[in-house]
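Reader: I have a new structure open and don't know my way around it yet. Can you take me through it?

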Amino acid sequence: MSESPPTTPVCYRHPGRETYVRCTRCDRPICPDCMREASVGHQCPECVNEGRRTVRPARTAFGGGTAGRHGYVTKGLIALNVLLMLLSIASDRGGDAAVGGSGFGGLMGGSTPLTNWGSVLGLAFFPDGTLGGIAEGQWYRLVTAMFLHYGVIHLLLNMWALWVLGRSLEANLGPLRFGALYLIAGLGGNVAAYLFSAQNSATAGASTAVFGLFAALIIIERKLGRDISQVIPILVINLVFTLTVPGISIPGHLGGLVVGAAMSLVLAYAPRGRRTLVQVAGGAVILLILLALTLFRTTQLLG
């Protein structure tokens with residue numbers, strides 16, 4: 001009895017093409033057009049697609065996306081602050097902020113119509129006789145104030161700190177978690193300024209959020225087991241400036257520091273099994289506390 005000659009394998013997707021290469025996952029024959037390079041050998045298109053659906057995306061140690069290493073949120077925040085500085089200068093039609101006694105853009109701290117509109121302000125009468133402030137329902141000031149600055153020097157100092165701190169934190173936390181940290185820390189500092197500053201005292205600047213980033217960097221780096229000896233002296237120097245230089249919002253800086261520390265503790269020490277849930281819940285609790293404090297201060301001013 002004669003044996004039948006062995007048949008040459010053909011590609012499972014292209015039956016007219018002979019091949020001796022097989023998919024390393026399903027072992028089906030595949031031709032050169034169907035080969036997808038893998039870590040070992042080649043795979044077929046179906047196995048590659050299935051692998052993409054089943055392989056979990058890479059995450060940072062704190063559950064964030066690895067896109068944070070590009071620093072997109074940090075760069076976006078800097079761009080937003082710079083844009084608002086330009087709009088602030090443009091809003092000063094009288095020219096005081098741009099060419100007045102304090103120099104271009106109010107170099108040493110000139111106010112503009114935009115900073116007057118968006119700064120943290122408890123309750124005050126404006127030149128036109130109207131009453132305004134957070135207590136009068138202008139709650140947006142608690143957010144806008146962290147993106148406005150009194151002059152170019154004020155802006156540059158904060159943006160330099162944001163660039164240095166933000167890239168490291170965003171890479172470790174991921175874009176979404178870093179963005180939440182920045183906003184909650186900035187909000188916390190502005191709520192503290194609302195609570196403990198004179199009702200007619202206006203404050204603004206990204207430093208409320210930046211101080212929160214200082215606290216976060218110490219906590220995050222410590223959690224990762226890294227050396228923080230170089231960060232603490234810089235924070236101490238900034239605290240000394242805050243407490244000794246006139247015109248700086250002490251409540252705003254310290255409030256941002258405390259709230260930023262609280263949020264970073266939530267992000268760093270959330271249990272791995274329920275990490276995202278705990279992080280979101282922790283952030284929500286902090287926001288509720290800030291809301292309650294804002295309502296308390298409003299009641300004080302209006303009562």
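Reader: Start with residues 178–196. How much of that stretch is helix and how much is strand?
Author: This is a predicted model. Over residues 178–196 the chain is 100% helix and 0% strand. The C-alpha atoms at the two ends are 27 Å apart.

Reader: What does UniProt list for that stretch?
Author: An unreviewed UniProt entry lists residues 178–196 as "transmembrane region". Under that name the entry also has residues 147–166, 202–219, 254–270 and 277–296.

Reader: Take 277–296 then. How far apart are the end C-alpha atoms there?
Author: They are 29 Å apart. Residues 277–296 are 100% helix and 0% strand.

Reader: Stepping back, how many helices and strands are in the protein?
Author: The protein has 11 helices and 4 strands.

Reader: And is the whole thing compact or spread out?
Author: It is more spread out than a compact globule, because its radius of gyration is 28 Å, well over the 19 Å that the globule rule gives for 303 residues. Along the principal axes, the C-alpha trace spans about 110 × 40 × 40 Å.

Reader: What share of the residues counts as buried?
Author: Of the 303 residues, 46% count as buried. The accessible surface comes to about 16,300 Å², and carbon and sulfur atoms hold 64% of that.

Reader: Different topic: charges. How many side chains are positive and how many negative?
Author: There are 23 positive and 14 negative side chains. The centres of the two sets lie 6 Å apart.

Reader: Last one. Of the contacts between residues at least 6 apart in sequence, what share joins residues at least 24 apart?
Author: That share is 63%.

Methods
Residues are numbered from 1 along each chain as its sequence is written. This is a predicted model: local features need pLDDT of at least 70, side-chain atom pairs count only at pLDDT 80 or more; totals for chains, interfaces and linings use all residues. Side-chain values use heavy atoms; hydrogens and water are left out. The radius of gyration is taken over C-alpha atoms; the globule rule is 2.2 Å times the number of residues to the power 0.38. Buried means under 20% relative accessible area, exposed over 50%, partly exposed in between (1.4 Å probe, protein chains only). Contact means heavy atoms within 4.5 Å. Accessible areas come from the Shrake-Rupley method with a 1.4 Å probe; for residues, only the protein chains shown count as cover. Lys and Arg count as positive and Asp and Glu as negative; His and the chain ends are not counted. The place of a charge is taken as NZ of Lys, CZ of Arg, CG of Asp or CD of Glu. UniProt positions are given in the numbering used here, feature names are shortened, and annotations may be inferred rather than shown by experiment.
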